[in-house]
Amino acid sequence: MQSSESKIQQEIRLACSRGPTRLWRNNSGSLPNPKTGTYVQFGVGSPGGSDLIGYRKVTITPEMVGTEIAVFAAVEVKTAKGKATEQQKAFIEHVRNAGGIAGVARSVDEAKSILLN
């Protein structure tokens, strides 16, 4: 039986939020404003923001030996057959271009590979 996206997401969040990495669920979408009727977007990077966002702590080099910084991390979770939308791909590319860590994962092992490379 194939795992659901939410099950894979929970497994990744629990397995990869240890040591120097922390991930949180990025709930995103839109809801109507009851006063105006216009829709309000919510979630980091919405639309297209990754399912899991957080950071990986990194120790930087010679001139700042011992200093730790947090590098933004984003993991878009998909089932074995799921595909990232163009907006999701653009968000991942934006994070990578800014020096962050981002990618699409279909399993805990894939998420670990994204977060540790």
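Modeller: Welcome! A definition to start: pLDDT is the predictor's confidence in each residue, on a scale from 0 to 100. This model is predicted, and the pLDDT of the chain averages 90.

Colleague: Thanks! In which element is confidence lowest, and in which is it highest?
Modeller: Across the chain, 98% of the residues score at least 70. Confidence is lowest in β4, with a mean of 88. At the other end, a mean of 96 makes the highest-scoring element β6.

Colleague: Which strands stand at the edges of the sheet?
Modeller: Four strands form an open sheet with mixed pairing, in the order β1-β4-β5-β6. A strand with a single partner is left without a neighbour on one side, so we look for strands of that kind. They are β1 (21–25) and β6 (101–105).

Colleague: How many bridges join β5 to β6?
Modeller: Strand β5 covers residues 68–77 and runs parallel to β6. Within β6, I101 has A73 standing opposite. The number of bridges joining β5 to β6 is five.

Colleague: Which strands does helix α3 touch?
Modeller: Helix α1 (residues 5–16) lies across the sheet strands, running at about 150° to β1. Helix α3 (residues 108–116) packs on the sheet too, and its direction makes about 165° with that of β6. The strands α3 touches are β1, β4, β5 and β6.

Colleague: How far apart in sequence are the parts that the aromatic pair ties together?
Modeller: The count comes to one aromatic pair. W24 and Y55 form this pair, which is tilted, at 6.1 Å centre to centre and with 45° between the planes. Because W24 lies in strand β1 and Y55 in strand β4, the pair ties together parts separated in sequence by 31 residues.

Colleague: Is W24 buried, exposed or partly exposed?
Modeller: Buried would need under 20% relative accessible area, and exposed over 50%. W24 has 48%, so neither label fits. Like Y55, at 29%, W24 is partly exposed.

Colleague: Which residues touch the most other members of the largest nonpolar core?
Modeller: Nonpolar side chains tend to be buried together in soluble globular proteins. Here the largest core has 15 residues, and α1, β5, β6 and α3 each supply at least two of them. The residues touching the most other members are I12, L23, V75 and L115.

Colleague: How many residues are in the second, separate core?
Modeller: Back in the largest core, I12 has contacts that include L23, L52, V77 and A111. The second core is separate, and among its members are I53, A74, F91 and V95. Its residues number six.

Terms used: Residues are numbered from 1 along each chain as its sequence is written. This is a predicted model: local features need pLDDT of at least 70, side-chain atom pairs count only at pLDDT 80 or more; totals for chains, interfaces and linings use all residues. Side-chain values use heavy atoms; hydrogens and water are left out. Two strands pair if DSSP finds at least two bridges between them. Helices (H or I, at least four residues) and strands (E, at least two) are DSSP runs, numbered from the N terminus. Contact means heavy atoms within 4.5 Å. Axes are lines fitted to C-alpha atoms, for helices over the stretch in contact, and angles run from 0 to 180 degrees between N-to-C directions. Rings of Phe, Tyr and Trp (its six-membered ring) pair if their centres lie within 6.5 Å; planes under 30 degrees apart count as stacked, over 60 as edge-to-face and the rest as tilted. Buried means under 20% relative accessible area, exposed over 50%, partly exposed in between (1.4 Å probe, protein chains only). A nonpolar core is a set of buried Ala, Val, Leu, Ile, Met, Phe, Trp, Tyr and Cys residues joined through side-chain atoms within 4.5 Å. Lists of a residue's contacts leave out its neighbours within four places in sequence.
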